[in-house]
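Biologist: I am new to this structure and should like to understand its side-chain contacts. May I put some questions to you once it is before us?

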Amino acid sequence: MYADRESPAMTEAIAETRRRRGVQEAYNAEHGITPTTVSKAIEAMLVRTAAEKREAAAVETAALRQGLNLFVPAQRRKLVKALEREMTEHADRLEYEQAAAIRDEIAALRAQFGT
């Protein structure tokens with residue numbers, strides 16, 4: 001805590017923290033517990049989450065491509081929106097080559113069908 005002076009509430013909070021720490025240390029000593037820092041593979045979780053997100057977007061886009069009639073404007077717009085989402089996700093992950101390929105695909109759809 002940072003302050004110019006210690007207020008009564010701060011004094012009480014610090015005292016309670018010290019009391020609880022003392023209880024915990026006594027419990028640990030009694031039961032032979034040595035506290036250790038929790039370490040998790042955060043990077044692995046982030047990579048897995050990004051891969052799952054990428055895979056879900058690709059599956060959604062592939063399903064749209066197979067099930068849509070591009071001659072129907074509403075379905076074509078739906079595909080373009082899905083491709084734009086996928087392009088944005090690639091750009092957010094700094095995968096500019098994939099994002100550019102999708103951008104080119106969107107441009108080709110718009111040029112071919114005038115959407």
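Modeller: Please proceed, bearing in mind that this is a predicted model.

Biologist: How many salt bridges does the structure hold?

Modeller: A pair counts as a salt bridge when a side-chain nitrogen of Lys or Arg lies within 4 Å of a carboxyl oxygen of Asp or Glu. Among the pairs that qualify are R20 with E16 and E84 with R110. In total, the number of salt bridges in the structure is five.

Biologist: By what distance are the closest N and O atoms of R20 and E16 apart?

Modeller: R20 and E16 both belong to helix α1, which spans residues 8-31. They are four residues apart there, so about one helical turn separates them. The pair forms a salt bridge, and its closest N and O atoms are apart by 2.8 Å.

Biologist: Is R20 exposed or buried?

Modeller: Exposed residues have over 50% relative accessible area, and buried ones under 20%. Its partner E16, at 28%, counts as partly exposed. R20 has a relative accessibility of 55%, and therefore R20 is exposed.

Biologist: Which helices does the pair E84 and R110 link?

Modeller: The side chains of E84 and R110 meet in a salt bridge, at 2.7 Å from N to O. The two residues are 26 residues apart and lie in distant parts of the chain. E84 is in residues 73-92 and R110 in residues 96-113, so the helices linked are α3 and α4.

Biologist: What is the N to O distance in the salt bridge of D104 and R103?

Modeller: D104 is partly exposed, with a relative accessibility of 44%. R103 is also partly exposed, its relative accessible area being 47%. Their side chains meet in a salt bridge with an N to O distance of 3.1 Å.

Biologist: Which residues do salt bridges that share partners join into one network?

Modeller: The salt bridge between R20 and E16 has already been described. Through shared partners, salt bridges join one network made of E16, R19 and R20.

Biologist: Let us turn to the nonpolar side chains. Which element gives the most to the largest nonpolar core?

Modeller: In soluble globular proteins, nonpolar side chains tend to be buried together. Here the largest nonpolar core has eight residues: L68, L79, V80, L83, I102, I106, L109 and F113. Two or more of these residues come from each of α3 and α4. With four residues, the element that gives the most is α4.

Methods. Residues are numbered from 1 along each chain as its sequence is written. This is a predicted model: local features need pLDDT of at least 70, side-chain atom pairs count only at pLDDT 80 or more; totals for chains, interfaces and linings use all residues. Side-chain values use heavy atoms; hydrogens and water are left out. Buried means under 20% relative accessible area, exposed over 50%, partly exposed in between (1.4 Å probe, protein chains only). A nonpolar core is a set of buried Ala, Val, Leu, Ile, Met, Phe, Trp, Tyr and Cys residues joined through side-chain atoms within 4.5 Å.
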